[in-house]
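Q: Please take a close look at how the core of this protein is put together, going from the overall layout to individual side chains. I would like one connected account, with the values stated carefully.

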Amino acid sequence: MATDPQIPDRRSKPRAQPSVLAVVVAHEPGDWFDDCVASLAAQTYARLGVLLVLTGDPSTYSATEDIVSDHLDVAQIVHAPDSKGYGDAVSKGLAEFSANAKLLLLCHDDVALNPGAVATLVTEAVDSNAGVVGPKLVDWMEPRVIQSV
């Protein structure tokens with residue numbers, strides 16, 4: 001494909017990497033939560049922050065926070081025991097933690113991301129100028145089975 005020298009090629013421009021805040025809502029998470037947090041720690045995307053919003057029984061918060069500190073050097077944690085669902089918990093978390101992130105990654109406590117997932121989502125969002133992008137979701141026990149695209 002020939003290119004016109006008068007028209008700049010957008011593909012060759014270095015892109016700024018927008019900051020991303022992963023907002024994870026954890027409602028009394030189970031054994032899978034360790035995998036969730038480990039997957040966030042393993043992300044290859046450098047400009048990723050993590051906000052954990054804890055809901056449900058406050059007596060579970062300490063153990064959940066221990067799992068987070070085992071994997072992440074830095075994470076913001078908000079307690080929202082009175083939240084009325086996922087959306088309310090996200091709103092409460094963002095209201096208490098003022099982030100300057102350009103993009104939000106909304107996750108539940110049962111999501112384990114592949115190491116390059118955030119980088120792939122950001123690339124797609126920037127390249128297509130999308131308002132919303134989402135991953136392919138696969139079955140936890142059988143990753144070859146697609147649940148949702």
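A: The protein has four helices and six strands, and, read from the N terminus on, these elements follow one another as β-α-β-α-β-α-β-α-β-β. The model is a predicted one, and every value below is computed from it. Of its 149 residues, 29% count as buried. Among the contacts with a separation of 6 or more, 70% are made by residues 24 or more positions apart. The accessible surface of the protein comes to about 9600 Å², and carbon and sulfur atoms hold 52% of that area.

The sheet is a good place to begin the close look. Four strands form an open sheet, arranged in the order β3-β2-β1-β4 with parallel pairing. The edges are taken by β3 and by β4, which spans 103–108; each has a single partner strand, so one side of each is left without a neighbour in the sheet. With direction ignored, neighbouring strands here are turned by 20° against each other on average. Within the sheet, β1 (residues 20–27) and β2 (residues 48–55) run parallel and are joined by eight bridges; one of the bridge pairs sets Leu21 against Gly49 of β2. Helix α1, made of residues 33–41, packs on this sheet, where it touches β1, β2 and β4, and its direction makes about 175° with that of β1.

A second helix, α2 (residues 61–71), lies across β2 and β3 and runs at about 165° to β2. The buried residues of α2 are Tyr61, Thr64 and Val68. Seen down the axis of α2, these buried residues fall within an arc of 70°, and they therefore line one face of the helix. What they pack against is α1, β2 and β3, while the face of α2 turned away from this buried side carries the exposed residues Ser69 and Asp70.

Thr64, which lies in helix α2, serves as an example of that inner face at the level of a single residue. Thr64 counts as buried because its relative accessibility is 5%, where the cut-off for that class is under 20%. If neighbours within four places in sequence are left aside, Thr64 is in contact with Pro29, Phe33, Leu52 and Leu54. Of these partners, Phe33 belongs to the stretch 33–41 that forms α1, and Leu52 and Leu54 belong to the stretch 48–55 that forms β2.

At an edge of the sheet, Cys107 can be examined in a similar way, as a residue of strand β4. Cys107 counts as buried, since its relative accessibility is 5%. Its C-alpha atom is separated by 6.0 Å from that of Val23, although the two residues are 84 residues apart along the chain. When residues up to four places away in sequence are not counted, Cys107 touches Val23, Val24, Val25 and Tyr86. Val23, Val24 and Val25 fall in the range 20–27 of β1, and Tyr86 falls in the range 86–96 of helix α3.

Helix α3 also brings the account to the charged side chains, for the structure holds two salt bridges. In one of them, the side chains of Asp82 and Lys92 meet at 3.3 Å, N to O. Asp82 lies in the loop between β3 (76–79) and α3 (86–96), whereas Lys92 is in helix α3, so this pair ties together parts that are ten residues apart in sequence. The other salt bridge is that of Asp88 with Lys92, whose closest N and O atoms are 3.6 Å apart. Asp88 and Lys92 both lie in helix α3, with their positions four residues apart in sequence number, about one turn of the helix. Through shared partners, the salt bridges join Asp82, Asp88 and Lys92 into one network.

As for their exposure, Asp82 counts as partly exposed at 48% relative accessibility, Asp88 is partly exposed with a relative accessible area of 27%, and Lys92 counts as partly exposed at 24%.

Key
Residues are numbered from 1 along each chain as its sequence is written. This is a predicted model: local features need pLDDT of at least 70, side-chain atom pairs count only at pLDDT 80 or more; totals for chains, interfaces and linings use all residues. Side-chain values use heavy atoms; hydrogens and water are left out. A salt bridge is a side-chain nitrogen of Lys or Arg within 4 Å of a carboxyl oxygen of Asp or Glu. Helices (H or I, at least four residues) and strands (E, at least two) are DSSP runs, numbered from the N terminus. Buried means under 20% relative accessible area, exposed over 50%, partly exposed in between (1.4 Å probe, protein chains only). Contact means heavy atoms within 4.5 Å. Accessible areas come from the Shrake-Rupley method with a 1.4 Å probe; for residues, only the protein chains shown count as cover. Two strands pair if DSSP finds at least two bridges between them. Axes are lines fitted to C-alpha atoms, for helices over the stretch in contact, and angles run from 0 to 180 degrees between N-to-C directions. The arc is that of the directions from the helix axis to the C-beta atoms.
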